[in-house]
Amino acid sequence: MEKQILDYSLVPAGLLLMVGYHIWLLFRILKFPNKTVIALNSLCRTCWVRAMMEDVSKNGVLAIQTLRNSIMASTVLASASIMLSSAIAVLMSGRYGDRPFGVVFGDKTALTISIKSFAILFCFLLSFLMNVQSIRYFSLASILISVPINMMPHPHNLSAEYVGSVVNSGSYFWSLGLRIFYFSFPLFLWIFGPIPMFLSCIVLLLMLYSIDVGFESAGLEEVYPRNGEGAV
């Protein structure tokens with residue numbers, strides 16, 4: 001019973017830390033986007049799309065190659081996610097699906113092992129779906145970015161801002177897929193007990209914090225004012 005208490009306390013604590021951090025990050029993005037890397041990346045992608053579409057004849061090949069690299073990155077991550085989810089499904093259906101792996105300090109019941117395996121499987125499948133959506137948006141952007149801005153009639157004029165929003169949507173889905181892939185590591189370490197899972201959550205949060213809000217840019221104040229307008 002003492003070992004089960006660790007699962008009942010450390011695992012929910014680690015999950016609450018992850019959820020609480022992302023709620024705080026979402027609030028920061030909406031209210032203080034000038035202090036997030038996400039806002040800077042979004043702004044840079046929009047400016048890049050505008051620069052590419054100003055002269056499609058010169059920049060078209062560069063734009064297509066850049067988007068193709070993004071599609072390849074999403075494809076690699078989607079392939080890894082679906083392969084790992086298949087491996088987890090095989091383990092769940094095999095004779096080791098209800099047995100603990102290695103040295104486990106925590107709850108070793110068949111129900112808990114099944115919950116661990118299902119959580120990892122769900123994580124990989126969700127990451128796969130996010131990356132598929134990312135490929136969809138990047139593929140659409142590769143077509144739109146090669147169309148000259150002034151080529152379409154006035155009522156259906158294709159703006160660089162719209163194409164930039166498509167590219168940003170693909171990048172957002174790719175970031176979500178990668179973030180979910182990161183989250184699978186604490187769940188995987190949960191197989192070996194709640195203590196490695198909780199410690200990995202703390203390490204992952206420190207890493208994500210340094211990536212998400214590791215700088216403050218005063219130059220973004222004009223584009224992303226503090227009242228939240230223009231937030232991504």
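## Phe 173 and the aromatic pairs

In this predicted model, Phe 173 is partly exposed, with a relative accessible area of 21%, a value that lies just outside the buried class because buried means under 20%. The aromatic pairs of the structure come to six. One of them joins Tyr 137 and Phe 173, whose rings are stacked, with 5.6 Å from centre to centre and 15° between the planes. Since Tyr 137 belongs to helix α4 and Phe 173 to helix α5 (residues 160-189), this pair ties together parts of the chain that lie 36 residues apart in sequence.

Another pair is made by Phe 188 and Phe 192, and here the planes stand at 75° with the ring centres 5.9 Å apart, so the pair is edge-to-face. Phe 188 is partly exposed, with a relative accessible area of 41%, and Phe 192 is also partly exposed, at 32%. Elsewhere, Tyr 21, Trp 24 and Tyr 209 form one aromatic cluster.

## The overall fold

The secondary structure of the protein chain consists of six helices and zero strands, which gives the pattern α-α-α-α-α-α when the chain is read along its sequence. Of its 232 residues, 37% count as buried. When contacts between residues at least 6 apart in sequence are considered, 82% of them join residues that are at least 24 apart.

The protein chain exposes about 12800 Å², and carbon and sulfur atoms supply 71% of that area.

## A buried serine in helix α4

Which residues does Ser 134 touch, not counting residues up to four places away in sequence? They are Ser 74, Gly 170, Phe 173 and Trp 174, so the Phe 173 of the stacked pair with Tyr 137 appears here as well. Ser 134 is found in helix α4 (residues 110-144), and with a relative accessibility of 0% it counts as buried.

## The start of helix α3

Val 56 is found in helix α3, which covers residues 56-93. Is Val 56 buried or exposed? With a relative accessible area of 17%, Val 56 is buried, because the limit for that class is under 20%.

Leaving aside neighbours within four places in sequence, Val 56 is in contact with Ile 145, Ser 146, Val 147 and Pro 148. Val 56 and Ile 145 are 89 residues apart along the chain, yet their C-alpha atoms are separated by 8.0 Å.

## Two salt bridges

Side chains of opposite charge can pair when their charged atoms come close. The structure holds two salt bridges. In one of them, the side chains of Arg 50 and Glu 161 meet with 3.0 Å from N to O. Arg 50 lies in helix α2 (residues 37-54) and Glu 161 in helix α5, so this salt bridge ties together parts that are 111 residues apart in sequence. Both ends are partly exposed, with relative accessible areas of 30% for Arg 50 and 45% for Glu 161.

The other salt bridge is formed by Arg 179 and Asp 212, whose closest N and O atoms are 2.8 Å apart. This pair links distant parts of the chain, with Arg 179 in helix α5 and Asp 212 in helix α6, 33 residues apart. Whereas Arg 50 and Glu 161 are partly exposed, Arg 179 and Asp 212 are both buried.

## A nonpolar patch on the surface

Leu 17, Ile 195, Leu 199, Ile 202 and Leu 206 form a nonpolar patch on the surface, and together they have about 430 Å² of accessible area. Which helix gives the most to this patch? It is helix α6, made of residues 194-212, which contributes four residues.

Leu 17, also a member of the patch, is found in helix α1 (residues 2-31). With a relative accessible area of 36%, Leu 17 is partly exposed, and it can therefore be part of a patch, since patches are made of residues with over 30% relative accessible area and no salt bridge.

## Cysteines without a disulfide

A disulfide is a covalent bond between the sulfur atoms of two cysteines. A search of the whole structure finds zero disulfides. Among the cysteines, Cys 123 counts as buried at 5% relative accessibility, and Cys 201 likewise counts as buried, at 0%.

Technical notes: Residues numbered from 1 in each chain as written. Predicted model: local features only at pLDDT ≥ 70, side-chain atom pairs only at ≥ 80, totals over all residues. Heavy atoms only, no water. Helix = DSSP H or I, 4+ residues; strand = E, 2+ residues; numbered from the N terminus. Buried < 20%, exposed > 50% of the residue type's maximum accessible area, 1.4 Å probe, protein only. Contact = heavy atoms within 4.5 Å. Areas by Shrake-Rupley, 256 points an atom, 1.4 Å probe, with all protein chains shown as cover. Disulfide = S-S within 2.5 Å. Patch = residues over 30% accessible without salt bridge, like charges linked within 9 Å, V, L, I, M, F, W, Y side chains within 5 Å. Salt bridge = Lys/Arg side-chain N within 4 Å of Asp/Glu carboxyl O. Phe/Tyr/Trp six-rings, centres within 6.5 Å; stacked < 30°, edge-to-face > 60°.
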